[in-house]
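Me: Please take a close look at a single part of this model. I would like its place, its burial and its contacts in one connected account.

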Amino acid sequence: SAKLVRPQVRELVHDARRQGWPIINVSYVGWRMSNRDSSPPLAYMRQLLLAPDIIQVVKANDGGGKELDAAMRANKLRPERVVFCGVNADACVRYTVAQFAAIRPKVECIISHATNAPGHEYVAQRIGLPNVKAVQL
């Protein structure tokens, strides 16, 4: 749940801002951060991830790699490494990383510890691409 990964996501966002790295929030069209759910974890995540300095990407399915790639191209981002985190590790995060890693095989895709069960190591292993790694940041 969002409550479980909230501290790790906050830490990653703050670290990225300190480093001057771009931040992209990918959300699923069926469940957007703009929902009216006002539970404290979701309200906090909305406040953190809908900040004006964060690029917003909405994906139509679990994939999202194409949408992420298009957003990076539109914002002229050519990263050597992309760090991923998220709430639905075995679906949303897994499929976005897998699709993006296949589109950009030269980009190192890091699945961070800020990912809920079943965990970042499991997801990276399931994807099984050489440019996908699990890292405790």
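Reply: What follows deals with N131 and then with R104, one of the residues in contact with N131. The model is predicted, so local features need pLDDT of at least 70 and side-chain atom pairs count only at pLDDT 80 or more, while totals for chains, interfaces and linings use all residues. Residues are numbered from 1 along each chain as its sequence is written, and side-chain values use heavy atoms, with hydrogens and water left out.

N131 sits in the loop between α5 (120-127) and β5 (132-135); helices (H or I, at least four residues) and strands (E, at least two) are DSSP runs, numbered from the N terminus. N131 counts as buried, at 8% relative accessibility, where buried means under 20% relative accessible area, exposed over 50% and partly exposed in between (1.4 Å probe, protein chains only). A polar atom of the N131 side chain lies 2.9 Å from the backbone oxygen of V107. Leaving aside neighbours within four places in sequence, N131 is in contact (heavy atoms within 4.5 Å) with A101, R104, P105, V107, E108 and C109.

R104 belongs to the loop between α4 (89-103) and β4 (108-115). R104 also counts as buried, with a relative accessibility of 12%. Its side chain is joined to that of D69 by a polar contact of 2.6 Å; such a contact is a pair of N or O atoms within 3.5 Å, and within protein one must be able to donate a hydrogen and the other to accept it, with residues adjacent in sequence counting only if both atoms are side-chain atoms. Beyond four places in sequence, the contacts of R104 are D69, M72, R73, L77, R78, P79 and N131.
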